[in-house]
Amino acid sequence: MAQYDVVIIGSGPGGEVAALRAVQLGLKVAVVEKEQVGGVCLNIGCIPTKSLLHCADLLEETKEGKKFGVITGEVSFDLKGAMGHKEKVVKTMRTGLEGLFKKKKIDLFRGFGRLAGTNKVAVKGNDGTETVIETKNVILAVGSTPRALPFAPFDEQRIVSSTGALSLPEVPKHLVVIGGGIIGCEFASMYRTFGSQVSIIEMLPRIVATEDEEISAELAKAFTKRGIKLYTGSKTKAVNKRADGASVVFEGPDGKEQTLEADYVLIGTGRAPLTKNIGLEEVGVTIDERGYIPVNATMQTNIANIYAIGDVVPTPWLAHVASAEGVIAVEHIAGHHTNPINYDIIPSCVYCSPEVAHVGLTEAQAKERGYNVKVGKFPFAAVGKATAIGNRDGFVKIVADAEYGEILGFHMIGPRVTELVAEGGLALSHEATVESLLATIHAHPTLYEAMHEAGHALLDGTLHL
């Protein structure tokens, strides 16, 4: 008889939630973690990034305080203080999670975990000793790592990943960001507020290319207004490091080469799954050509008692996706009925300024799937609460099926939309129609009235425009 019902390799948002849910279901659980409990998300990802972004938001609001009657005198920024806040938040959350593991009697093995068989996990500790754990099931939640450019390896001094960008010793005079996706835009926004000159080089024709096209265009407009230089449709050719910075050579859409000089270069071009050297080949777990592990709807690999979740499977790289996948995996292990994840209705947030969020299909995606698409939009400039808080830029856009009124997607840019998107997620999970959205009374004055008005735009037209 195996010692554990399930051993989870990795304690990020996927492994952590899987472990906690498994204990709820009466399973005996062990977690293997080679670094800090909480994984990338808690220690060098979501939580520290959002902690620093909050500092940026606070700095921005404080500078604008005079127009609200809040007189603060000259406002300055202390990067060391912001970094201290970040570290305090991370330590608080990590200590809480470690305490929760103890409270729930989840056994924590510290070290590098790999499959030593279909029912065994070997853990190599920092002292070089190896422990073998027997288990009925394994969940691989090992996550991903920043992907470097072949010609520009990270040194985390001048050429930095998202990890290095969280611990810069100074506010850069000029930060060049390679990659205009979520990671690149969040750091670009943050350091621009801190006082840096920022340039973004993006190979695709637009930044945040996974967002609806109108949202991308609005964010580009807002970034340009803030002084962030955008070079879209541009391919990075070389990054030449020097003692006090680096030069970035890139080719613009016109085919001409340009060079930018920077004291720091952030490469935010994606992440790679950590599927190497964890015993997959030895036990026969299938890996695709990109290094991801194919799974079925219950997160099982081709070996029935070995599951994989999060960034190592070909699903969206989002912490909440990993958590949801972890719950499905352990519920299946425990013999419970599970419903497959509908990856079409996963909320996604970009915590830059202005914020961006969406859930569901973009207008283009809906048309590609054959829907007769109808769109409703409403600007925050016409919302009382947005005017009251002095943040009127942006809009809410709803994509719906014209024939039946089913809502297919919510897309938004503006104040606090990373919170407002929750209503959109609930609506899509319940297959809401425009009529049911309008039948839901929205409180006044609130920002989410913009969603209600965007619904009106889909039918008889907006009320307040």
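## The annotated histidine

His-444 sits out in the open: its relative accessible area is 62%, so it counts as exposed, the cut-off being over 50%. Keep in mind that this is a predicted model. The "active site" label on His-444 comes from UniProt, in an unreviewed entry.

As for where the residue lives, His-444 is in the loop that links helix 13 (434–439) with helix 14 (449–458). Its side chain isn't without a partner, though: there's a polar contact with the side chain of Glu-449, at 2.9 Å.

## How the chain is divided

The domain assignment splits the chain into domain 1 (4–145 + 272–334), domain 2 (159–269) and domain 3 (354–457). Between domain 1 and domain 3, the C-alpha centres are 31 Å apart.

UniProt, again in an unreviewed entry, puts "domain: FAD/NAD(P)-binding" at residues 4–326. That stretch comes out at 32% helix and 27% strand, and its end C-alpha atoms are 17 Å apart.

## A five-stranded sheet

One open sheet has five strands in the order 8-15-9-10-11, paired in parallel. Strand 8 (159–160) and strand 11 (229–231) are the edges, each pairing on one side only. Strand 11 is joined to strand 10 (residues 197–201) by three bridges, in the parallel sense. Within that pairing, Ile-200 has Leu-230 of strand 11 as its bridge partner.

Helix 6 (residues 182–194) packs on this sheet and touches strand 9 (174–178), strand 10 and strand 15 (264–267). Which way does helix 6 run relative to strand 10? The two directions make an angle of about 165 degrees.

Note on methods: Residues numbered from 1 in each chain as written. Predicted model: local features only at pLDDT ≥ 70, side-chain atom pairs only at ≥ 80, totals over all residues. Heavy atoms only, no water. UniProt positions renumbered as here; feature names shortened; annotations may be inferred. Helix = DSSP H or I, 4+ residues; strand = E, 2+ residues; numbered from the N terminus. Domains from an automatic or database assignment. Buried < 20%, exposed > 50% of the residue type's maximum accessible area, 1.4 Å probe, protein only. Polar contact = N/O pair within 3.5 Å; in protein donor to acceptor, adjacent residues only side chain to side chain. Pairing = 2+ DSSP bridges. Contact = heavy atoms within 4.5 Å. Axes fitted to C-alpha atoms, helices over the stretch in contact; angles between N-to-C directions.
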